Amino acid sequence: GIDMKKLLLLILAMVMLTIESILCLHPDRRDDLAKFREAMNFIEFRQYVDTTYRYSFPLPEFFQKEDCPESEKGYALFGYHAHNLNLVIECKVVPDNRHEGSKGDFIDTGNVSSIDDYKYYSHHVFKGDHYLILTFYYPRKAENAVGRIIYRVKKWKPFSEKKLTLGNQEP
C-alpha cells in the first residue's frame, strides 16, 4: 500500500530531477547552421500560385513574400533572413526573345557573381512563348542543409497535374 506509493513517488521525483538537470546543464550548443540543417528535415512546404500566369512552385512554409514594387507580372520573390542565413526563392516569366542561354527545359547552377560564397540553382521551363525560371539562392556553407529545397526546384513542374485526393476531402 503506502510503501509502494512512496517508492513510486520517489522514483518519479528522481526521474524528473534527472531530466531537468540534463536539460539545464546541457543546452544545445550547436551553431545556427547545424540547428537549421536538422530543422529542415521536418519543415513543411506550401505552394505559391501566381495569379497572372497560374504557375505554382513549392517553398518552405517559413519563407516570407518580399515586396517588389517594380516587378513585372508573373514575378514572385520569397526569402528567409534569420539565424545568419539569407535564402531566397525567385520566380520570373521571361519572353522567349529575351531569354539567354539554352533552349527548351533545363537546369542551371553556379556561383552568384555579385555575392561572394553564394550559389544559385535554377530550373528553366519553356511554355508557349515564355520561359518560367525558378531560382533558389543560398550560401555555399548551407548547401548540405538546403537539399530538400534544391530537390524541389530540380523536380519543379510549374503547371502541375490534378492532385489525387483521399476519401471525400475537397480537391
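In this predicted model, six strands come together in an open sheet: going across, the order is β3-β4-β5-β8-β7-β6, and the pairing is antiparallel. At the edges stand β3 (64-65) and β6, and each has just a single partner strand, so one side of each is left without a neighbour in the sheet. Further in, β7 and β8 run antiparallel and are joined by 10 bridges. One of the pairings across these strands links H124 with its bridge partner in β8, I133. Helix α3, covering residues 147-154, lies across β5, β6, β7 and β8, and runs at about 20° to β7.

The pocket search turns up something in this part of the chain too. The largest pocket holds about 340 Å³ of space. Its lining comes to 18 residues, and K92, D108, S122, H124 and I133 are the ones closest to the pocket centre. As for where the lining comes from, the elements that give two or more residues are β5 (85-95), β6 (106-111), β7 (118-127) and β8 (130-139). Those strands are also the ones that helix α3 lies across. H124 and I133, already met as bridge partners, thus turn up again among the residues closest to the centre of the pocket. Chemically, the lining is a mixed bag: 6 residues are nonpolar, 7 are polar and 5 are charged.

Then there is the hairpin of β1 and β2. Strand β1 takes in residues 45-49 and strand β2 residues 56-60, and the two pair in the antiparallel sense over 5 bridges. Where the strands face each other, V49 stands opposite S56 in β2. The hairpin has 6 residues between its strands, and R54 takes a positive phi there, near 65°.

Stepping back to the whole chain, the count is 3 helices and 8 strands. Read from the N terminus on, the elements go α-α-β-β-β-β-β-β-β-β-α. The radius of gyration is 23 Å, whereas the globule rule gives 16 Å for 171 residues; the value is well over the rule, so the chain is more spread out than a compact globule. Taken along the principal axes, the box filled by the C-alpha atoms is roughly 85 × 50 × 30 Å.

How values were computed
Residues numbered from 1 in each chain as written. Predicted model: local features only at pLDDT ≥ 70, side-chain atom pairs only at ≥ 80, totals over all residues. Heavy atoms only, no water. 1 Å grid on protein atoms, 1.4 Å probe; cavity = no way out; pocket = protein on both sides within 12 Å on 5 of 7 lines; lining within 4 Å. Points joined across faces, edges and corners; volume = space filled by probe spheres on them. Helix = DSSP H or I, 4+ residues; strand = E, 2+ residues; numbered from the N terminus. Nonpolar A, V, L, I, M, F, W, Y, C, P; charged D, E, K, R; others polar. Pairing = 2+ DSSP bridges. Contact = heavy atoms within 4.5 Å. Axes fitted to C-alpha atoms, helices over the stretch in contact; angles between N-to-C directions. Rg over C-alpha atoms; globule rule 2.2 N^0.38 Å.
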